[in-house]
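Here are some short exercises on how chains and domains meet. Take a look at the model first, then work through each task at your own pace.

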Amino acid sequence: MPVERFIIRGDLAAATFLPWVARHLLRLGLRGETQRSDALCVEMLVEGPADLIDAMEMGVSLGPIEAWVETIERLPLNRCGSA
Amino acid sequence: MTDPIRDEWYPVALVSQLGPEGRDTRLLGEPVRVAWHGGAITVTSGGRSLPSQQRYGHVWACPGTPQRPLFDIPEADQPGRRLVDVGLVRVKCSPLRAVENFLDIAHFPFVHTDILGAEPHTEVGRYDVAIREEVDEVWATKVHFYQPQAAKSAAGGITTEYMYRVPAPTVSILYKTCPPRPGEWDVITLFVQPLDEELCEVWPWMALFDDDTPMTDLIHFQQTIFLQDRSILENQLPHRLPLDPGLEIPTRADLTSVAYRRWLKRRGYTYGAQLVAA
Amino acid sequence: MLPYWTPVALSRDLAPLVVMPVVVDGAELALWRSASGRIAAWADRCPHRGMRLSHGFVRGEALSCIYHGWSYAQSGQCQRIPAHPDLEPPEAIRVPVHRAMESGGVIWVALAEPAALPPALAGLVPLRSVTLDAPFDPAAAGLAESGGAWRGTLAGVAVAVLVQPLPENRCVLHVLADGAATPAALVDASRGVETLRRQAEEALA
């Protein structure tokens with residue numbers, strides 16, 4: 001199954017952002033894990049079929065109304081997790 | 001303080017169909033009157049005269065203070081095009097939903113069956129979407145879709161290429177392959193007049209290279225398409241356009257919709273939008 | 001959510017390959033019957049972009065949304081996304097499914113596990129369903145509660161009336177009649193249902 005690192009940048013300070021992202025992962029049946037987060041940047045791994053990883057990007061780029069996602073950088077990883 | 005909603009231009013009438021009696025209508029929930037005064041058209045609301053202009057066959061008005069000129073459609077002045085005033089369709093939906101639906105191709109095989117799409121040709125390939133910062137517009141390009149009858153002038157099935165452009169929150173312009181004139185684009189627009197947050201009047205307008213099809217057939221074709229869309233638009237939940245997709249599942253095929261919603265969110269254009277998923 | 005079965009339609013009014021909107025305890029549902037005759041009652045909202053599934057279409061054992069053709073199996077699970085034909089939709093993408101059953105020629109839906117079965121309707125045949133733009137007053141119609149249904153006579157025919165409440169004080173009456181009644185008597189009883197509706201709506205006006 002493909003794995004990608006999402007580097008999400010924007011105004012992400014809202015407390016609703018990370019729970020929203022976690023919920024959307026579940027809604028798409030994807031596996032994922034947040035590796036780093038602050039008010040301006042969230043890094044996470046997302047694992048699942050390519051079309052659903054695309055769908056995750058679609059959903060998160062809108063996200064909850066309190067947050068503003070400026071960009072999502074996607075880095076495909078191999079199964080060992082290295083770039 | 002400027003209000004991004006009140007400071008936009010909105011269509012309020014077709015010039016060619018505005019009779020001596022004028023037109024009483026609504027804009028953003030307020031009564032508006034469009035009328036002839038001498039040889040000129042005026043738009044008033046509550047005794048106040050609104051900035052107005054005539055362009056693309058329609059009368060445009062701004063309830064607030066215009067912050068920029070009306071968007072440009074250069075093709076409107078290109079020689080050889082037929083300009084088609086389609087008329088109005090009233091839809092019980094958010095004005096933003098009407099625009100979003102116009103940006104969508106994945107519904108063609110199911111809503112416009114055997115006209116704009118047909119199974120099994122349902123796949124939506126990758127296309128490009130960008131917000132062009134220099135003009136502050138949403139653009140989708142390199143959109144391809146197989147169509148059984150792409151236009152009134154099309155004889156059989158072809159793969160049509162599309163470009164979509166959103167130059168204002170309630171306006172969408174579609175450029176599509178022009179069967180009789182390779183290299184040119186037919187222009188089909190959707191001008192949406194927001195009556196209130198869940199009711200709108202939709203004014204399609206076209207600038208086509210088609211010298212043969214009778215005008216009534218061109219109008220009828222576009223009205224048929226839009227009446228099919230109306231059955232969708234009046235039955236989506238929630239009625240307002242969600243800017244939080246927490247109860248939806250957008251996929252890559254919805255990229256234009258997502259970009260449009262992001263653009264509305266960033267501009268603070270929330271009239272007809274739903275801010276929290278419900 | 002209330003733990004009882006709500007009558008939503010007469011079985012014969014939902015043919016195979018048909019989907020219709022129904023309301024149960026204020027919840028809007030899409031009720032449909034597959035090619036093989038199985039019924040299902042789902043939330044009336046496609047998870048993709050919110051289109052009402054009651055406007056969708058049934059093929060075989062699946063219901064598809066009319067907007068983008070996303071199709072869902074009996075379990076509610078999405079099985080196909082036409083814009084992405086190579087994608088096998090994950091189990092997570094599914095429509096909320098409610099309990100639905102057929103009994104006595106009536107389709108019943110429950111939003112929570114009901115404590116009891118629907119009422120027994122032995123000896124009765126489905127007559128018709130009618131929507132009232134008014135509340136229903138069984139006493140005014142000369143009916144009395146017995147075994148989970150309002151029973152009495154309409155135009156001389158024994159009937160059972162099942163009430164499906166709708167929002168804004170409206171309701172649907174699903175009426176069953178004595179299976180031994182003659183066709184002519186059933187026509188009279190059917191007219192009696194219409195009279196009942198008119199009286200209820202006039203009483204409100």
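The exercises below deal with a predicted model and go from chain contacts to domain contacts.

**Exercise 1.** Find how many residues chain A and chain B each bring to their contact, and sort the chain B side by residue class.

*Solution.* Start with the counts: chain B supplies 15 residues, and chain A supplies 12 residues. Next, sort the side of chain B that touches chain A: 8 residues are nonpolar, 2 are polar and 5 are charged.

**Exercise 2.** Do the same for chain C and chain B, this time sorting the chain C side.

*Solution.* Two residues count as in contact when their C-beta atoms, placed from the backbone, lie within 7 Å. With that cut-off, 18 residues of chain C meet 17 residues of chain B. On the side of chain C that touches chain B, you should find 9 nonpolar, 6 polar and 3 charged residues.

**Exercise 3.** Split chain B into its domains and describe how they touch.

*Solution.* First, set the bounds: domain 1 of chain B covers 1-70 and domain 2 covers 77-274. Then take the centres over C-alpha atoms, which puts the two domains of chain B 24 Å apart. Now list the contacts: 16 residues of domain 1 of chain B meet 17 residues of domain 2 of chain B.

On the domain 1 side, the elements giving two or more residues are β1 (10-14) and β2 (23-27) of chain B. Of these, β1(B) gives the most, with 4 residues. Finally, classify this side of domain 1 of chain B: 10 residues are nonpolar, 4 polar and 2 charged.

Methods: Residues numbered from 1 in each chain as written. Chains lettered and ligands numbered in written order. Predicted model: local features only at pLDDT ≥ 70, side-chain atom pairs only at ≥ 80, totals over all residues. Nonpolar A, V, L, I, M, F, W, Y, C, P; charged D, E, K, R; others polar. Domains from an automatic or database assignment.
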